[in-house]
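Me: I have a model open and would like a close look at a single part of it, with a little context first. Could you walk me through it?

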Amino acid sequence: MTIRFEPVTFSASGTEAITGVSTTQQRNLRRADHDAKSNPGHERKDARALAKLLVMQSLAAFKVPPSASAAIADSAAVIIEMALAKIERAVEDPEGLANEPPVQTPPGFDRWYLVWDGNGHDFVSAVDAYFASDAAPPATVILNLRSLADTILDRAGCPLWRVVKQKD
């Protein structure tokens with residue numbers, strides 16, 4: 001028997017409740033090609049899509065325009081998804097069939113902070129190490145991506161993946 005991880009998806013209103021991005025703003029982001037629509041019909045968002053919108057919403061609070069935040073958020077969403085996959089309650093597995101998380105983290109990966117300085121961004125393992133560098137510009141925004149993962153899971157109120165048995 002094999003298993004697969006089925007992503008739990010959320011409607012536009014569910015996405016709004018989790019990310020704070022209104023349904024109107026979600027539509028506007030899609031129309032401007034900052035948030036691609038994945039399937040025909042009503043849009044539903046999985047963990048990575050929720051993470052992208054939450055990062056974009058967080059950066060928007062600091063006046064970062066969607067044209068700049070969309071690319072940053074794409075990268076950050078991958079990291080947030082890795083953080084989510086490490087949280088046990090993010091996966092519904094009542095039979096204990098999964099031997100690994102739904103998303104793998106590369107060995108030794110530890111860049112859990114997004115630092116944006118107004119011109120560019122970086123992912124760093126420790127904020128104090130970033131500021132210890134004399135070459136580092138002053139940061140405008142620092143986002144703890146593991147904390148954003150917890151926020152998504154708490155606001156969703158349910159697991160983000162389900163373990164599903166597949167016939168061999």
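Reply: Happy to! The accessible surface of the chain (Shrake-Rupley method, 1.4 Å probe) is about 9100 Å², with 49% of that belonging to carbon and sulfur atoms. This is a predicted model, where local features need pLDDT of at least 70 and side-chain atom pairs count only at pLDDT 80 or more, while totals for chains, interfaces and linings use all residues. Residues are numbered from 1 along each chain as its sequence is written, and side-chain values use heavy atoms, leaving out hydrogens and water.

For context, the chain holds six helices and six strands, taken as DSSP runs numbered from the N terminus (helices H or I, at least four residues; strands E, at least two). Of its 168 residues, 38% count as buried, where buried means under 20% relative accessible area and exposed over 50%, with partly exposed in between (1.4 Å probe, protein chains only).

Now for the close look: helix 1, residues 12–19. Its buried residues are G14, T15, I18 and T19. They sit on the same side of helix 1 because they cover an arc of only 115° around the axis, the arc being that of the directions from the helix axis to the C-beta atoms. An α-helix has 3.6 residues a turn, so residues three or four places apart point the same way. On the other side of helix 1, S13 and A17 are exposed.

What do the buried residues of helix 1 pack against? Their partners are helix 2 (23–31), helix 3 (47–60) and helix 6 (145–156), with contact meaning heavy atoms within 4.5 Å. After helix 1 comes G20, which has a positive phi near 85°.
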